[in-house]
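Good morning, and thank you for joining this session. Please take a moment to look at the sequence and the structure before I begin.

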Amino acid sequence: MLNILVLGGTDEARRLAAALAGWAGTHVVSSLAGRVRDPRLPVGEVHEGGFGGPAGLLTWLGDRRIDVVVDATHPFAARMTASAVEATGRAGVPLLILRRPGWRAGPGDDWRWTPSLAAAAGLLPALGGRIFLTTGRRSLPVFAGLDDLWFLARSVDPPEPPVPCRLQVLLSRGPFTVDGELALMREHRVDVLVTKDSGGRMTTAKLLAARELGLPVVIVRRPPRPAGVPAVETVEEALAWLAVTRDSGGG
Ligand code: NAP
């Protein structure tokens, strides 16, 4: 039996777990951070909540006799990734990073790359007064204090204070359509979009809508991927890598 831990919370992690459910002689457990109230669940066994840092994960890998770990977390979940690198290294368990590609600007895009959310907040007053924030509810404190700006913040769960004083919250979960995003941005007279470089198909519509409306997009760069860890960009590549691992006798 090959025991696989998929660190999840993404569309790719769910698709990977679904594909692996059809593999004979393989058991998959997917983990979620456990912060979304009503998460989209992958098929199969699910572990919700953290492991207790690298030491907790190391113990967990041993207790559950995990043979291989796939880190398919969100590209900005840098602490979880660092924890996986450390724990698998100490346990001698193979680790694969499944990270979808980041977004690339195309003709007509006006993107301003920034290294952090704080740097993104610093750019805003010069760019416009009505800001569409799609950086997650836990990013809102970074924008609190920008009292001259109005914000529309879209998130899955409600944000908690501190938040900007002129804020409208839209509770919603992707995927979104370009027509829907155009209508939303027009309705709220948005003049700047702020996003993280999450990549993937679920949330590209806002970028296409911003292009069509000629709006600037402030885009936060991803944290760097750890060096020396095998990494792939698609579920299909992850399955091929896992098949080689399985056929060579597991971990
Ligand atoms: P993080 O800062 O890397 O993780 C913080 C802690 O949460 C980890 O140390 C771990 O706790 C736990 N954790 C995170 N992902 C986990 C997983 N898949 N399974 C089990 N435990 C997990 O990541 P984050 O706080 O989740 O998010 C950081 C950024 O990623 C934010 O910008 C957020 O908007 C974005 N994001 C994350 C997810 C997601 O599913 N994680 C989804 C969408 C967006 P222990 O140390 O106790 O193990």
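About how many helical turns separate Asp 11 and Arg 15 in helix H1? The answer is about one turn, because the two residues are 4 places apart in helix H1, which covers residues 11-20. I should say at once that this is a predicted model.

Let me stay with this pair. The side chains of Asp 11 and Arg 15 meet in a salt bridge, with 3.6 Å from N to O. Asp 11 is buried, at a relative accessible area of 12%, whereas Arg 15, at 31% relative accessibility, is partly exposed. The pair also belongs to a network of salt bridges that links Asp 11, Arg 15 and Arg 201. As background, side chains of opposite charge can pair when their charged atoms come close.

A search of the whole structure finds 11 salt bridges, and I would like to present two others. One of them joins Arg 211 to Asp 109, whose closest N and O atoms are 3.0 Å apart. Arg 211 lies in helix H7, while Asp 109 sits in the loop between strand E5 (95-98) and strand E6 (110-114), so this salt bridge ties together parts that are 102 residues apart in sequence. Arg 211 is partly exposed, with 34% relative accessibility, and Asp 109 is buried, with a relative accessible area of 18%.

The other is formed by the side chains of Arg 246 and Asp 247, at 3.1 Å from N to O. Here Arg 246 is partly exposed at 33% relative accessibility, and Asp 247 is exposed at 60%.

I turn now to the sheet. In what order do the 6 strands of the open sheet run? The order is E3-E2-E1-E4-E5-E12, and the pairing is parallel. At the edges are strand E3 (45-48) and strand E12 (231-232), each of which pairs on one side only. Within the sheet, strand E1 (residues 2-7) pairs with strand E2 (residues 26-32) in the parallel sense over 6 bridges. Leu 2 stands opposite Thr 26 in E2.

Two helices deserve mention alongside these strands. Helix H2, residues 53-63, lies across E1, E2, E3 and strand E4 (68-71), and runs at about 150° to E1. Helix H3, residues 78-91, packs on the sheet and touches E1, E4 and E5; its direction makes about 160° with that of E5.

Helix H3 also contains Arg 90. With a relative accessible area of 52%, Arg 90 is exposed. Between Arg 90 and Asp 63 there are 14 Å in space, C-alpha to C-alpha, and the two are 27 residues apart in sequence.

My final topic is Asp 197. Is Asp 197 buried or exposed? Asp 197 is buried, because its relative accessibility of 5% falls under the 20% cut-off. The residue lies in the loop between strand E10 (192-196) and helix H7 (205-213). A polar atom of the Asp 197 side chain lies 2.7 Å from the backbone nitrogen of Trp 103. Leaving aside residues up to four places away in sequence, Asp 197 touches Phe 76, Gly 102, Trp 103, Trp 113, Ile 219, Val 220 and Arg 222. Trp 103 thus appears both in that list of contacts and as the partner whose backbone nitrogen faces the Asp 197 side chain at 2.7 Å.

Thank you for your attention.

Definitions and conventions: Residues are numbered from 1 along each chain as its sequence is written. This is a predicted model: local features need pLDDT of at least 70, side-chain atom pairs count only at pLDDT 80 or more; totals for chains, interfaces and linings use all residues. Side-chain values use heavy atoms; hydrogens and water are left out. Buried means under 20% relative accessible area, exposed over 50%, partly exposed in between (1.4 Å probe, protein chains only). A polar contact is a pair of N or O atoms within 3.5 Å; within protein, one must be able to donate a hydrogen and the other to accept it, and residues adjacent in sequence count only if both atoms are side-chain atoms. Contact means heavy atoms within 4.5 Å. A salt bridge is a side-chain nitrogen of Lys or Arg within 4 Å of a carboxyl oxygen of Asp or Glu. Two strands pair if DSSP finds at least two bridges between them. Axes are lines fitted to C-alpha atoms, for helices over the stretch in contact, and angles run from 0 to 180 degrees between N-to-C directions.
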